[in-house]
Structure formats: C-alpha cells, structure tokens
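Biologist: I'd like to learn how to read a model like this one, feature by feature. Could you walk me through it?

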Amino acid sequence: MEVETPAQTQRREQQQLTSGDGAAVAAKPLHRNPRLVVSFVLMVVGSASSPLLLRAYFLHGGNRKWFSSLLQTAGCPLLLAPLCASFISRRRRSANTPVFLMSPRLLAASVGVGLMTGLIGLLYAYGTAYLPVSTSSILSSTQLAFTAVFALLLVRQRFTPFSVNAVVLLSVGAVMLGMNAGGDRPAGVSLAQYSAGFAMMLGAAALYGLMMPVIELSQGQHAARTGSAVTYTLVMEMQVVIGFIATAFSTVGMLVNNDFHAIPGEAQEFGLGKAGYYLLLAGTAVMYQLFLLGTIGTVFYGSALLAGVILTVLIPITGVLAVLFFHESFNGTKGVSLALAVWGFVSYFYGEIHSHAQQSNRPPHIGQLDL
C-alpha cells in the first residue's frame, strides 16, 4: 500500500523548513531545543528509576502481581493536563478545532493496544518479582529482535545485515542467560519461580515487539486516510486511551484476585512502613509516566532513533544501579550477555543511520510503509 508514513511526513516538513523563514528552525541544534532537553531528562529519570522502584516493592514484602501491573499505567491521567493545554492552545487559533483528534479506527486500534499493554504489564510484573533488575533489563532488550520480525510481517520492514546481526546477538545473549538460569537467583526465589519469571519477561519482550509495529501500522493508516501527520497531541491521546484500557485490564485482574482487600494488610507489613509503602506506589506510577512522556517527547522533538540510543545507554546504567542499591550479583555470563545486547543495539541503530542516509536521497513525498 502506497502511503506517506508519519516519519516520511516529518522528513518532508523538515525539508520544507530548510527554505525561507524556517531555515533557522530546521538548523537549530538538538541540544538547544529546550523541549527535547526536558524530554531527555524525563526519559533518563523514568527509565533509570521505575524498574528499581518496582523491584523494591517486591523486595520489601509486596507480592501483588496484578497491582504492580496496574502501577505501570495508572499514572496516565497525568497526560490530561498537557492535553487540556494543547486543546486550549488550538482553540485560541481556531474556534472550530475538535476536542479529540483521534478517528474511530485509531480509537479502536488504541483499545486493542491497551489490552496488549495490560498483558505486557502483568508479564513484566511477574518477571520483575522473580528476577534481578540487571537480568530483567537485559531480557527486555531482546524486544528489538521481536520488533524486527513483526515489523517484517506487518509493515514490510526490510532486513539489513545490521538488523540481522542485532537479532542474532540479542538471541545469543538471551540463550546465555537461559543456560545460566538460577545462577543469580535472588534469595527466597525457587528455581521454578525464577524460570517462570525468565519466560514471562521474554514473553513481555515478544508482545512488546508485536505492539510497536501495530502502533506504527495504525498511525500510518491514519495518516494515509486523513492526509495529516501524527502530531504530538494525537500521540498523547492514543497513550491516554492505551493507559486507561491497560489500567482497566489490571483492575479487573485485581478484583478477581481480591487485591484491593489485601492492599491495607500488605501496607501494614511492608518493610519500609505504611507511609513508605504508599509513597513507593505513588513514585512508581509517576516514574513510569515520566518515562513514557520523555520517550514520546524524544521521538517527537528528536527521533525514534535518538530515543532508542538513549534507552541503549540506560540499560547498563540500570544494571549498575541495581547492583549498588540491591547488591545484585553481576557474574561474567551476565556481563557478556550485556555486552552482546549493547553490541546488538549499536549494530541495529548504525544500520538505521545508514538506511536513513540512503532514504534522504529519495523523493520526500511518497514511499512504502516500511520504516
């Protein structure tokens, strides 16, 4: 299907900005864009702290998987404030501006992605409960391999030697961790629980790898039908719907599992005290939303490639913080697996840079849906 994808639309608009009065905007260095700098800070803070806070919940006596899954998306109402500000700004420019920019089809796609997000959160919660943060972070990085496969099937992503190399390296790293299963098992976690957490973390990575091409496909189809680019406001609207659906999914699980009645008792017996329990919960929800907002802002004001590079840098940082705060073991196998993960990311993104350099010489208006 011949459509103009959001990324291609953005490249066309950037090329248009290079003429006339827009030249100064297009030539503005990334580090001098205050909104990009803020997005970068939010992304770093959220990505480095949210896995540690969720792991601290389990280490100090928390045991509610559905509840911890809900915490990963329950902060979505925080997005309502910037959405309201965006609507007020649009309203000042045009009295006929719609309240919502989403089309019915995009809304339906967002609901489906929200259900997937809820399931990902549950799998991630189980993995975080039974695995060290350093191990779960490395396993999470394998989502790139799954993303490449599903992108090939859904949006006709072309494989390059760099992406194939990345998939192989990440797969080898995951296999190495699997062969060393139990070698870094936390105290009080059985081998069966560790193995289940390992499998569920890989399952979360696989489902996340499916979710990203689905979002790309729905955004590309929306742009093709409406003839407009996917704006930052539209992305936030999608995320609010995704967050509310995922939170509703986790809420149903909590009701079935009787988690709401168990929370007061869990707070009383929590290792950090009752006040520490609720502060930790609130901090976890806020940090996950900061990470989300930072990622969206980095993609919008920079690029998806830039967001991926930042995440790559944060993988070893999160592992080091886990070793410092939780005294997790970091053996040679895990170190080699981490090095392979970083190598795979670098290979993948170097290939993306090479691919984008080639595409910049093509006509900017029409292309295949093959990001």
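Biologist: Let's start with one residue: does Asn258 count as buried, exposed or partly exposed?

Modeller: First off, this is a predicted model. Asn258 has a relative accessibility of 42%, so it counts as partly exposed. You'll find Asn258 in the loop between helix H11 (232–256) and H12.

Biologist: What should I look at in the backbone there?

Modeller: Check phi. Most residues other than glycine have a negative phi. Asn258 is not a glycine, yet its phi is positive, at about 60 degrees.

Biologist: And how do I describe the way H11 and H12 pack?

Modeller: Two packed helices are described by the angle between their axes and the distance between the axes. For H11 and H12 the angle is about 80 degrees and the axes are 7 Å apart. H11 and H12 are therefore roughly perpendicular to each other.

Biologist: Which residues meet where H11 and H12 pack?

Modeller: On the H11 side, Thr251, Met254 and Leu255; on the H12 side, Asp259, Phe260 and Ile263. Keep Met254 in mind, since that name comes back in the core.

Biologist: Which members of the largest nonpolar core touch the most other members?

Modeller: That core has 26 residues, and the ones touching the most other members are Tyr57, Phe67, Leu131, Met254, Tyr277 and Leu281. Several helices supply at least two residues each, among them H3 (34–59), H6 (104–130) and H13 (273–301). There's also a second, separate core of 14 residues, including Val113, Met116, Leu207 and Met238.

Biologist: What does Tyr57 contact beyond its neighbours within four places in sequence?

Modeller: The partners of Tyr57 include Phe67, Tyr277 and Leu281. Among the others are Gly62, Asn63, Arg64, Glu266 and Phe270.

Biologist: What about a polar residue in a helix, say Ser49: buried or exposed?

Modeller: Ser49 is found in helix H3. Its relative accessible area is 18%, and the cut-off for buried is under 20%, so Ser49 is buried. The side chain of Ser49 reaches the backbone oxygen of Val45 at 2.5 Å.

Biologist: Where does pLDDT stay under 50?

Modeller: Over residues 1–29, where the model has 47 contacts beyond four places in sequence, and over residues 364–371, where it has 32 such contacts. Where pLDDT is low, the predicted coordinates should not be read in detail. For the chain, the mean pLDDT is 77, with 78% of its residues at 70 or more.

Conventions
Residues numbered from 1 in each chain as written. Heavy atoms only, no water. Core = buried A, V, L, I, M, F, W, Y, C linked by side-chain atoms within 4.5 Å. Buried < 20%, exposed > 50% of the residue type's maximum accessible area, 1.4 Å probe, protein only. Helix = DSSP H or I, 4+ residues; strand = E, 2+ residues; numbered from the N terminus. Contact = heavy atoms within 4.5 Å. Polar contact = N/O pair within 3.5 Å; in protein donor to acceptor, adjacent residues only side chain to side chain. pLDDT = per-residue confidence, 0-100. Axes fitted to C-alpha atoms, helices over the stretch in contact; angles between N-to-C directions. Parallel < 35°, antiparallel > 145°, perpendicular 65-115°, else oblique.
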